Amino acid sequence: MIVLDNVPSGALLLAVGVLFAAGVYLLLERSLTRVLLGFVLLGNGTNLAILLAGGRAGAPPITGSDAGEPMSDPLAQAMILTSVVITLALVAFVLAMAYRSWQLHGHDEVQDDLEDTRIARLAVEDAPSYADSDALESGTTLDEEAVATRDEVALPDPVVDPRTRGGDGS
Amino acid sequence: MNPWTVQTLVPLPVLVPLFAAGLALALHRYQRAQRIISVVALSVVVAASVGLVVAAHDGPVALDLGGWAAPVGVNLVADPLAALMLLVSSVVLLCVLLYSMAQGIADSNDRTAPASKDAEELRKALEAQDPDADEDGRRDVLPVAIFHPTFLILAAGVADAFLAGDLFNLYVGFEILLAASYVLLTLGGTSERIRAGSVYVVVALLSSIVFLLAVGLVYAATGTVNMAQLAERLPEIDPGVRLGIQALLLLAFGIKAAIFPLSAWLPDSYPTAPAPVTAVFAGLLTKVGVYAILRTQTLLFPPDETLEAVLLVLALATMLVGILGAVAQDDVKRLLSFTLVSHIGYMIFGVALATQASTAAAIFYVVHHITVQTALFLVVGLIERHSGTTSLDRLGGLATLAPGLAILFFVPAMNLAGIPPLSGFLGKVGLLEAGVLNGSGLAWALVVGSVVTSLLTLYAVVRAWNKAFWQPCPDDRKLPDPSPLPWGMVGPTAALVAVSVSLTVAAGPLYDYAARAAYMALDARSYVEAVFPDGAPRGTGTSNEVTDDGEEGPP
């Protein structure tokens, strides 16, 4: 078994780091175009990282060819190829979405959720999120109702004149 | 080699929808043909899943694709966990497809629904723009024709993610279903959907990048991405490196599964999509994330107490924050989206405890939650259709106006809240039992948190029930047309509600199956044995002979 030298090159590692830093910075922007560029940088950084995971470059990985030096790892490159294709498709989709956003709004900025903002405002005002008939003021409170209702089980109170008791069981 | 073995079933749930999607796209002018293709394809998937569930009971069924042996080639593995998830998701997908078809048919005739109204507006705009264009050219531009192909691709992606026996293939499965979900979420390209879609797409893209990076790091650390081989190699590498990789994978899956604090995107984006799309997203997409967490935590990585404690805390936060969000909402769709986030916490609770009982309960809970949550969103779609709104402020009196609808809402709502004897209750009891058995302080906190969340869920859904169904209509606006809801939409919804109730009836066998799935997921040996029979270094496939010929190359 031929073991490849697996220590990655420092320059490539640095490149991965820079791509990630720039990508994350752009991803935090509001404009979809910049977010997209950030995504592209992150994708490239990741692909480069996978390439590094495959070890150093070597001879073409074809069975039977005897180039005298170790073959490079084909699996890492196959994975990169797949992810490049996927990234390409998604970039196309996000571009279409940014264009549509520009068509509709004249800009391509990611907007806040209106419903969320509305509920947050209600929370600040300490208002209920919707009118509930149980919560609405129905004119009489429970205490008033209790006074107005005649308790037929209890013995009549000799002191209070029944006529002062308000309406009977309204 | 006999082509008709059990293994033949394994690739069908991925291949059939993919080919059907191509066919449906090619036949986009013939709506009837599209419908027939979609229904037949998804029915085949359901049948294949039933076969796999039966076949996987005795042990995982593995298939090396294209004759390439396992660690080199890509393989699909249907173990009981994957097969069970596949069956539930395919049933749900079929129901939602039938529902959306009925909605499409009913709407193309006359009435109002967001999806087709957009199409109508677009059609009018196109006619105004270019009155001389022929009808065929116009129909090419209209977005309706892509619904069926995209839906089928979503089905293929979900199946691929469940069956993947290879971490990179899992990534590809995720990308397939996510790409389809981007299209479905922004269907029609209205202002609101583009806004919600932007957030959803950017968050999903980020999680995909994190996942891909984690796959790259796994490859760098172990030299393989095959799950069976990883199950053997990952326990042997440096614990620090392993923890880093595991955390990165959890981060990626956590975004997809909407675990707090990575869940803020979900209630923002799901409710804007058309009702059937929201239903299938809510039912399936987050659960694929949960499945991925379950798979990596149980099969690939050895138990790690720190990470389990972190997961438990996150599960508690997900439950409580999610349900408190639900209580504040006044739109039924958003309310349900928040309960969805909240109940992800239950599944993570089960995964984090990492015992066989808790994993079994989590699997049972996932099955229950997929059906119930999808059913609820479909019912909300019916409510929206009946009343023209989902705002609790404007709904009212539906119990008298549409008693059937009220029953359809009430049963899954009570099931979600965990009222005995429904399946939600059984799943929760299983989780609580596992938590009590664990006995640590954190586990007890989770047990209390689960009960509180369950009660708050009851509060949230009962409020929705009271406001929308029980109380009279708030203002005296004129009643909607008495035209009945189309049977094509009510039928699949009722079927899904019936499925969720039958989960209760069949809870015994189902729970046994979940326990078996948990046993096999936790015990990596059967999985590895299925992929590498008799301890061979390679799986079954003709590439064995090829590499034997060129043995001088690297292994």
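Look first at what covers the buried residues of α10(B): the cover includes α8, α12, α13 (305-328) and α14 of chain B. Buried here means that 20 or more other C-beta atoms, placed from the backbone, lie within 10 Å of the residue's own (12 or fewer is exposed, anything in between partly exposed). Helices are DSSP runs of H or I with at least four residues, strands are runs of E with at least two, and both are numbered from the N terminus.

A word on what you're looking at: this is a predicted model, where local features need pLDDT of at least 70, side-chain atom pairs count only at pLDDT 80 or more, and totals for chains, interfaces and linings use all residues. Residues are numbered from 1 along each chain as its sequence is written, while chains are lettered from A and ligands numbered from 1 in the order in which they are written.

Back to α10(B). Its buried residues include Arg242(B), Gln246(B) and Lys256(B), along with Ile245(B), Leu249(B), Leu250(B) and Phe253(B). The helix covers residues 239-257, and its 19 residues should span 27 Å (1.5 Å times one less than the number of residues); the end C-alpha atoms are 26 Å apart, which agrees. Right after α10(B) comes Ala258(B), with a positive phi near 60°.

Two of the covering helices also pack against each other. α12(B) (residues 275-300) and α14(B) (residues 332-353) have axes 11 Å apart, at an angle of about 15°. The axes are lines fitted to C-alpha atoms over the stretch in contact, and angles run from 0 to 180 degrees between N-to-C directions. That makes the pair roughly parallel, a label for angles under 35 degrees. On the α12(B) side you'll find Ala282(B), Val290(B) and Leu294(B) among the residues that meet α14(B), whose own contributors include Leu340(B), Ile344(B) and Met347(B). Contact means C-beta atoms, placed from the backbone, within 7 Å.

Now zoom out to the neighbouring chain. Chain B puts 38 residues into its contact with chain A, which answers with 40 residues. On the chain B side, α7 (167-185) and α8 (191-222) each supply at least two residues, and α8(B) gives the largest share, 16 residues. So α8(B) turns up twice, since it is also part of the cover over α10(B).

Finally, chain B as a whole: 23 helices and two strands, with 59% of its 555 residues counting as buried. Among its contacts with a separation of 6 or more, 79% join residues 24 or more positions apart.

Terms used. Contact = placed C-beta atoms within 7 Å. Parallel < 35°, antiparallel > 145°, perpendicular 65-115°, else oblique.
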